[in-house]
Protein chains: 2
Amino acid sequence: MISAKTIERLFLYRRLMTDLIKRDTRFVFSHELANMSQSSPAQVRRDLMTAGITGSSSRGYDVVNLKSRFDEILHSSVQKAALVGIGNLGRAILSYFPHRSPAVEIVAAFDSDSSKTDRIIHGIRTYAVDNLDQVVHQTDVSLGIITTPKDAAQTTADSMIVAGIRGILNFAPVPVRVPAGIFIESLDLTTSLEKLAYFSRRPH
Amino acid sequence: MISAKTIERLFLYRRLMTDLIKRDTRFVFSHELANMSQSSPAQVRRDLMTAGITGSSSRGYDVVNLKSRFDEILHSSVQKAALVGIGNLGRAILSYFPHRSPAVEIVAAFDSDSSKTDRIIHGIRTYAVDNLDQVVHQTDVSLGIITTPKDAAQTTADSMIVAGIRGILNFAPVPVRVPAGIFIESLDLTTSLEKLAYFSRRPH
């Protein structure tokens, strides 16, 4: 079992490989990869070992080989995601995310406000939130993104889980309860900024 | 020195107190606070002890007293933030964030595209990025939010630090290097979703 932190870094390395391939760079050293990923060469070598990549030539690691190996580990099949809550943040994610990752595609967005549904927003079809269960099943969605106001976050998570969603990214500024076996990650902009404010005002 | 994780929870508790006060709730038990914050009663009591709050009556903790104590610890003075990168994500934050926190106020936004500057967007004044240093000094900004494309993230962070900003929230999907004494937090939507995709597809 590879740890969550390592998986995060492998996804980052894969993105860096994609960039290097675009720039026709063929080889990369662990210290260069460390520099690009804000890590240490020892950490990079450990991660590559975990990924089953050992040894590099005097020219460094072959970029295309690394990329293929990362694809293998991280799976190259796309997983589908549904977003609930088409406010400003939801719209921003719909506009920002497409084509950012080969691993995830947002295929549907939901809202309880009928003026926002049955439309195409940034290329993504929007539905009434009552149709969540049906659409998730029909389109084989496995990931959910919550961008609702905080009062709707828990019921949205509950509906997602009932519909069969197993991984949830929560942007609502409130903790959400999920049963065991469901993976949840919260990105709370407000708390992040507040923490930053607290720590950046004191001398280090 | 209170840990970053504890500070995060204290900010959350403070927000919960604000909600309770709005609903005219006068007392709260640690197990209720634990439930609202997705924590344990033991963790809540430990956090309150760290904050210098000991003992509760049979009715629980006094909500207004807790709130004042949190205000004291977390400082109630506002810190000013500047956002650089007025794309979709930047705009969403400008529209979403105001009035979310008593600790942070976004006072200026910057972009290199002159069609986006010298305007008011969601109540916030926008400037050419060349004016960053001047505006940060004049308005006493201490926090920076990076919502630029990834290629501009590092130079933006560098300019922020030169201008005197000491805490940075980075949304660009690329790691950013900062010197010691500067506090940085990265919220990378892409990596978060990819990690979620990876873990939610395997059986637990």
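Me: A salt bridge is a side-chain nitrogen of Lys or Arg within 4 Å of a carboxyl oxygen of Asp or Glu. In this predicted model, which residue of chain A forms a salt bridge with Lys195(B)?

Reply: The closest N and O atoms of the pair are 3.1 Å apart, a value within the 4 Å limit. The partner of Lys195(B) is Glu185(A).

Me: In which helix of chain B and which strand of chain A do Lys195(B) and Glu185(A) lie?

Reply: The pair joins two chains because each residue belongs to its own chain. Lys195(B) lies within residues 189-200 of chain B, and Glu185(A) within residues 183-186 of chain A. The elements are helix α8 of chain B and strand β9 of chain A.

Me: Are Lys195(B) and Glu185(A) buried or exposed?

Reply: A residue counts as buried under 20% relative accessible area. Lys195(B) has 8% and Glu185(A) has 16%. Lys195(B) is therefore buried, and Glu185(A) is likewise buried.

Me: How many salt bridges cross the interface of chain B and chain A?

Reply: Over all chains, a search of the whole structure finds 19 salt bridges. One that crosses the interface is the pair Lys150(B) and Asp19(A), with its closest N and O atoms 2.9 Å apart. Between chain B and chain A, the number of salt bridges is nine.

Me: What area is buried between chain B and chain A?

Reply: The size of an interface is often given as the accessible area lost when the parts come together. In this model, 65 residues of chain B contact 66 residues of chain A. Carbon and sulfur atoms give 63% of the buried area. That area is about 6500 Å².

Me: Which helix of chain A contains both Lys67(A) and Asp71(A)?

Reply: The side chains of Lys67(A) and Asp71(A) meet in a salt bridge, at 2.9 Å from N to O. They are four residues apart in the helix, so about one helical turn separates them. The helix covers residues 63-74 and is α4 of chain A.

Me: Which residue forms a salt bridge with Glu72(B), and is Glu72(B) buried or exposed?

Reply: Glu72(B) and its partner lie three residues apart, about one turn, in helix α4 of chain B. The closest N and O atoms of the pair are 2.7 Å apart. At 55% relative accessible area, Glu72(B) is exposed, whereas its partner, at 26%, counts as partly exposed. That partner is Arg69(B).

Me: Which residues are joined into one network by salt bridges that share partners?

Reply: The pair Lys195(B) and Glu185(A) has already been described as a salt bridge. Sharing of partners links these two residues with two further members. The network consists of Lys5(A), Glu8(A), Glu185(A) and Lys195(B).

Me: What is the relative accessible area of Asp140(A)?

Reply: Asp140(A) is not a glycine, yet its phi is positive, about 60°. This residue lies in the loop between α6 and β7 of chain A. Asp140(A) is exposed because its relative accessible area passes the limit of 50%. The value is 59%.

Me: Which residue in the loop between α1 and β1 of chain B has a positive phi without being a glycine?

Reply: The loop in question falls between residues 4-22 and residues 27-28. Phi of the residue is near 60°. With a relative accessible area of 67%, it is exposed. The residue is Asp24(B).

Me: How far apart in space are Ser159(B) and Val129(B), C-alpha to C-alpha?

Reply: Ser159(B) lies in helix α7 of chain B, which covers residues 150-162. Its relative accessible area of 36% makes it partly exposed. Ser159(B) and Val129(B) are 30 residues apart in sequence. In space, the distance is 9.4 Å.

Me: In which strand is Tyr127(B) found?

Reply: Tyr127(B) touches several residues beyond four places away in sequence, including Phe110(B), Asp118(B) and Val135(B). Leu143(B), 16 residues from Tyr127(B) in sequence, is 16 Å away in space, C-alpha to C-alpha. The strand that holds Tyr127(B) covers residues 124-128 of chain B and is β6.

Me: What percentage of the residues in chain A is buried?

Reply: Chain A has eight helices and nine strands. Its accessible surface comes to about 9300 Å². Of its 204 residues, the buried ones make up 50%.

Note on methods. Residues numbered from 1 in each chain as written. Chains lettered and ligands numbered in written order. Predicted model: local features only at pLDDT ≥ 70, side-chain atom pairs only at ≥ 80, totals over all residues. Heavy atoms only, no water. Buried < 20%, exposed > 50% of the residue type's maximum accessible area, 1.4 Å probe, protein only. Areas by Shrake-Rupley, 256 points an atom, 1.4 Å probe, with all protein chains shown as cover. Contact = heavy atoms within 4.5 Å. Buried area = accessible area lost by both parts, 1.4 Å probe.
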